[in-house]
Amino acid sequence: MTNPYWDEVVDHVTDDRLYGLVVGGLGPLRDQTRPIEESMCYRRREFVAKFAWTISDPATLDFVLEHCGQRVVDPMAGTGYWAWLLTQAGRDVVASDVSPPAGGTQNNWHVGGKCFVDVEAADAVHTVAKYPDRTLLLMWPPYSDLIGERTVRAYSGDRILYVGEDDDGCCGTEAMFKMLDNEKLWTRVAGHRPIQWSGLHDDVAVYQRVGLAPRRANPPDLTRGIGNGSLLPTTGGR
Ligand SMILES: C[S@@+](CC[C@H](N)C(=O)[O-])C[C@H]1O[C@@H](n2cnc3c(N)ncnc32)[C@H](O)[C@@H]1O
């Protein structure tokens, strides 16, 4: 498993005692030997533009792999970084984005970023309507934008893995969270807190459609070498 995002941030993980493990903390959590411009807090935008909005720490990756099933649709994939990780673990992922990053400014969330896999140019509603037989990976739907709720509404499949901030944060809309929290529609069956960018509050939540039996979790793939959630880099010597 190659996971360069994690390799680049792993040495900067600190415990802020309030939210747990974070990257990019300020004050006593910052490496005081370097100028503030070089701190991870300042560099966060660079990392999310190049890779993804949620840090791909091994425990979070394991959690996503445990719950996403074999076939996944990632309809707001950005650079497709997480799709690439899942593909490396043998999962079949369809990735699309309304504006696949291509090294320039065409995608505001990923300025300068490039795709790690083929990311089809498509509206998320169109993509999820086409692939109801896949788990929906709903990762950082844009804040205050109807596309999050439109995507949940258009998805007729049985499982959603939501990754991003909660209803007090910078993702989706109130109506999107109301839909996910509507116990007549969806049941939250599992949750996990990733290692955070300091000041952000990422969460992973697994929703199962009401009335359909939960899927069997995937057995862990012991060949991947990331199963212990350790803070070790994924490649030697980076
Ligand atoms: C905050 S970024 C998250 C990207 C990626 N999921 C991640 O977590 O790194 C939001 C993404 O949603 C995409 N997006 C916005 N509106 C969309 C739409 N109507 N259909 C598909 N993607 C859309 C943007 O282009 C952007 O790449």
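In this predicted model, the largest nonpolar core brings together 57 residues, and those with the most contacts inside it are Leu 137, Ile 160 and Leu 161. The largest share of this core, 6 residues, is supplied by helix 4. In soluble globular proteins, nonpolar side chains tend to be buried together. Leu 161 shows how distant parts of the sequence meet, since, once its neighbours within four places in sequence are left aside, Leu 161 is in contact with Val 64, His 67, Cys 68, Thr 135, Leu 137, Leu 138, Val 204 and Val 206.

From the core we can turn to the sheet, an open one in which 7 strands follow the order 5-4-3-6-7-10-8, with mixed pairing. Strand 5 (120-121) and strand 8 (186-192) stand at the edges, and because each has a single partner strand, one side of each is left without a neighbour in the sheet. Strand 5 is joined by 2 bridges to strand 4 (residues 92-97), and these two strands run parallel; here Ser 96 stands opposite Glu 120 of strand 5. Helix 4 (residues 81-88), already met in the core, packs on the sheet, where it touches strand 3 (71-74), strand 4 and strand 6 (135-139), and its direction makes about 170° with that of strand 4.

The ligand remains to be described. It is surrounded by 19 residues, of which the closest are Ala 52, Met 76, Gly 78, Val 98 and Ala 124. Sorted by class, the shell around the ligand consists of 12 nonpolar, 5 polar and 2 charged residues.

Methods:
Residues numbered from 1 in each chain as written. Predicted model: local features only at pLDDT ≥ 70, side-chain atom pairs only at ≥ 80, totals over all residues. Near = placed C-beta within 6 Å. Nonpolar A, V, L, I, M, F, W, Y, C, P; charged D, E, K, R; others polar. Pairing = 2+ DSSP bridges. Helix = DSSP H or I, 4+ residues; strand = E, 2+ residues; numbered from the N terminus. Contact = placed C-beta atoms within 7 Å. Axes fitted to C-alpha atoms, helices over the stretch in contact; angles between N-to-C directions. Core = buried A, V, L, I, M, F, W, Y, C linked by C-beta atoms within 7 Å. Buried ≥ 20, exposed ≤ 12 C-beta atoms within 10 Å, placed from the backbone.
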